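Reader: I'm new to this one. Could you take me through the largest nonpolar core and what lies around it?

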Amino acid sequence: MEKKMTWKELIVGDILEGGTSLKFKTGNWRSKRPVHIPEKCINCLICWISCPDDAIIVDKENGKFLSFNYDYCKGCGICAYECPKKAIEMKEETV
Ligand code: SF4
Ligand code: SF4
């Protein structure tokens with residue numbers, strides 16, 4: 001059995017390489033998935049500001065909601081909670 005490293009073996013002041021979170025797709029942690037309801041959306045982008053994982057994609061051409069980045073969305077539901085028009089619903093993840 002492989003021996004695990006303990007905290008005593010960590011290097012003091014160790015710094016991880018920057019930008020590494022992009023390498024790890026964390027969307028498979030999700031148990032609920034946000035679903036956009038375009039008819040209700042007013043494109044205020046409060047969801048985009050609120051998402052802690054930068055998982056909401058905005059159309060750069062027109063500054064409107066485009067989609068969710070399900071590779072990184074962890075399903076926290078903050079976007080749905082903050083949306084003033086209830087234009088995001090959290091659904092059970094099926095995959
Ligand atoms: S917060 Fe709601 S209404 Fe505003 S852009 Fe996002 S989905 Fe649309
Ligand atoms: S559910 Fe959470 S992680 Fe996913 S898009 Fe909404 S705020 Fe971002």
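Author: Here is a walk through the core, then the ligands, then the pocket.

This is a predicted model, where local features need pLDDT of at least 70, side-chain atom pairs count only at pLDDT 80 or more, and totals for chains, interfaces and linings use all residues. Residues are numbered from 1 along each chain as written, ligands are numbered from 1 in the order in which they are written, and side-chain values use heavy atoms, leaving out hydrogens and water.

Let's start with the core. A nonpolar core is a set of buried Ala, Val, Leu, Ile, Met, Phe, Trp, Tyr and Cys residues joined through side-chain atoms within 4.5 Å, and buried means under 20% relative accessible area (1.4 Å probe, protein chains only). The largest one here has eleven residues: Leu45, Cys47, Cys51, Ala55, Ile56, Phe65, Phe68, Cys73, Cys79, Ala80 and Ile88. Strand β3 (64–68) and helix α2 (78–82) each give this core at least two residues; such helices (H or I, at least four residues) and strands (E, at least two) are DSSP runs, numbered from the N terminus.

Zoom in on Ile56, a member of that core. Leaving aside residues up to four places away in sequence, Ile56 touches Cys47, Trp48, Cys51, Phe65, Ser67, Phe68 and Cys79, a contact being heavy atoms within 4.5 Å.

Now the ligands. Ligand 2 is surrounded by 13 residues, with Cys51, Cys73, Cys76, Gly77 and Cys79 the closest; a residue counts if one of its heavy atoms lies within 4 Å. Around ligand 1 you'll find, among others, Leu45, Cys47 and Ile88.

Finally, Ile56 also helps line the largest pocket, along with residues including Asp53, Ile57 and Tyr72. On a 1 Å grid over the protein atoms alone, a pocket is an open set of points where a 1.4 Å probe fits, with protein on both sides within 12 Å along at least five of seven lines, and lining residues have an atom within 4 Å of a point.

Definitions and conventions. Buried < 20%, exposed > 50% of the residue type's maximum accessible area, 1.4 Å probe, protein only.
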